Amino acid sequence: MKKSEMKFATKVIHVGGHPDPETGAVMPPIYQTTTYAQESPGKHKGYEYTRSHNPTRTRLEECLASLEGAKYALVAASGMGITTLIMHSLPPGSTILCGDDVYGGTYRILTTVFHKIHNIIFVDTTNIKNVERAMKEHKPQLVWIETPTNPLLKITDIEKVTQLARSHKALSVVDNTFMSPYFQNPLSLGADIVVHSMTKYLNGHSDVIGGCLMTNRKSLYEKCWKLQNTLGPSQSPFDSWLVIRGLKTLAIRMQAHEKNALKVAKFLEAHPKVEKVVYPGLKTHLHHKLAKKQMKGYGGMITFYLKGDIKKSKRFLERVKVFTLAESLGGVESLIEHPAIMTHASIPKKLREDIGISDNLVRLSVGIEDSEDLIRDLENALKSL
Ligand code: P1T
């Protein structure tokens, strides 16, 4: 069967997953090598040095490309590594229009590293009029959106924003980490590049740091690959192998995350000690209709506002037992965190509060444990407040 004809749950297992031609090993070998023998100087089998290419990484890239319906995928040692490559691929002095609610590390790299090379403009991309105005005023070379956003789960209309970018001859990038390719495919909605922190749902087991980009644009892929080869943030063969292993269950994991998240969101919404719940799958979500239109599901991330102050939030976070208080997301285990103190601390307090990352905001990465245990855990911690 052609890989383009396969359904998602088949692709994650079989694309790039052919048995090893030398031994018949069903699982791909971990090519734990830095270098490759050459027959004659410059005559080799496509592999010279693992910073440039590695056969285990190639298999992972093949699978990832197919999941986003892309011709090319590039894997790096972290999500931030991928952001670095994309930023360096632009001519110095470029203008980047970035969503105003993004992962704290993305905000940090743009405002403390790449502001020295490029002009960085933040805008609320959920409001298309804002984007239109900013496009005319700043004439960006690249538009960077995260949807749903981390941590506020705001939804940007990918089709509309990428269309606007195209009409202004700007490239568009969508960080699709929160949805994974199972629930959202930005390239099919018009994006030029889709990026993921593979550390999250793609690997799914909280044991690998990694990032990737997928695109149909050969020149962009080649530019980023050359930069990776030059700058060096290439992923190790073992980590690529672990992601190949994690990916195999992506479809069923995403279904389970979503099923649990909807139950947890509904429980929290009805709880008297909770001020507000944000989950794209709830009808009360500000962008629920758009989420329903452009996503195939709503994912496993929930944010909510507790009734109370920072002290109460800390007490609540100390009292959960099944949820682990930790940064990151997208693993099989449930995690809980405080964005203002943890993942988004690099955003200045005033700015954080203006966009809604307040001291009573809590973020959940709902895992695939039994939902009754997760709800009981939250109930007990809330009861103790
Ligand atoms: O951690 P790394 O693999 O470098 O990925 C960075 C990154 C990029 N994009 C999004 C949307 C992300 O959420 C992240 C990392 N986020 C966390 C560590 C977190 O807890 O939110």
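Reader: Where does G210 lie in this structure?
Author: G210 lies in the loop between β6 and β7. Keep in mind that this is a predicted model.

Reader: Why is G210 called buried?
Author: Its relative accessible area is 0%. Buried means under 20%. The value 0% falls under that cut-off, so G210 counts as buried.

Reader: How far is G210 from H196?
Author: Their C-alpha atoms are separated by 8.6 Å. Along the chain, the two residues are 14 residues apart.

Reader: What makes strand β6 largely enclosed?
Author: Count its residues. β6 covers residues 193-197, and five of the five are buried, so the rest of the structure largely encloses this strand.

Reader: How do you know that both faces of β6 are covered?
Author: Take one side at a time. I193, V195 and S197 are on one side, and these are buried. V194 and H196 are on the other, and they are buried too.

Reader: What makes β5 and β6 paired strands?
Author: Pairing needs at least two bridges. Three bridges join β5, residues 171-175, to β6, so the two strands pair. They run parallel. One bridge partner to look for is V195 in β6, which goes with D175.

Reader: How do you know that β6 also pairs with β7?
Author: Use that cut-off of at least two bridges again. β6 and β7, residues 211-215, share five bridges, so they meet it. Their sense is antiparallel. In β7, G211 stands opposite S197.

Reader: Which residues come nearest to the ligand?
Author: D175, S197, T199, S328 and R363 do, out of 17 residues around the ligand. You have met two of these already: D175, the bridge partner of V195, and S197, opposite G211.

Reader: What makes the pair between D175 and the ligand a polar contact?
Author: The cut-off is 3.5 Å for a pair of N or O atoms. A polar side-chain atom of D175 lies 2.7 Å from a ligand nitrogen, so the pair qualifies. T199 reaches a ligand oxygen at 2.6 Å with a polar side-chain atom. N150 does likewise at 2.9 Å, again to an oxygen atom of the ligand.

Reader: How much of the ligand does the protein bury?
Author: The ligand taken alone exposes 480 Å², and the protein buries 93% of that.

Reader: What kinds of residues form the shell around the ligand, and which domains supply them?
Author: Three are nonpolar, nine polar and five charged. Domain 1 (3-247) and domain 2 (251-383) each give at least three residues to the shell.

Key
Residues numbered from 1 in each chain as written. Predicted model: local features only at pLDDT ≥ 70, side-chain atom pairs only at ≥ 80, totals over all residues. Heavy atoms only, no water. Near = heavy atom within 4 Å. Polar contact = N/O pair within 3.5 Å; in protein donor to acceptor, adjacent residues only side chain to side chain. Areas by Shrake-Rupley, 256 points an atom, 1.4 Å probe, with all protein chains shown as cover. Nonpolar A, V, L, I, M, F, W, Y, C, P; charged D, E, K, R; others polar. Domains from an automatic or database assignment. Buried < 20%, exposed > 50% of the residue type's maximum accessible area, 1.4 Å probe, protein only. Helix = DSSP H or I, 4+ residues; strand = E, 2+ residues; numbered from the N terminus.
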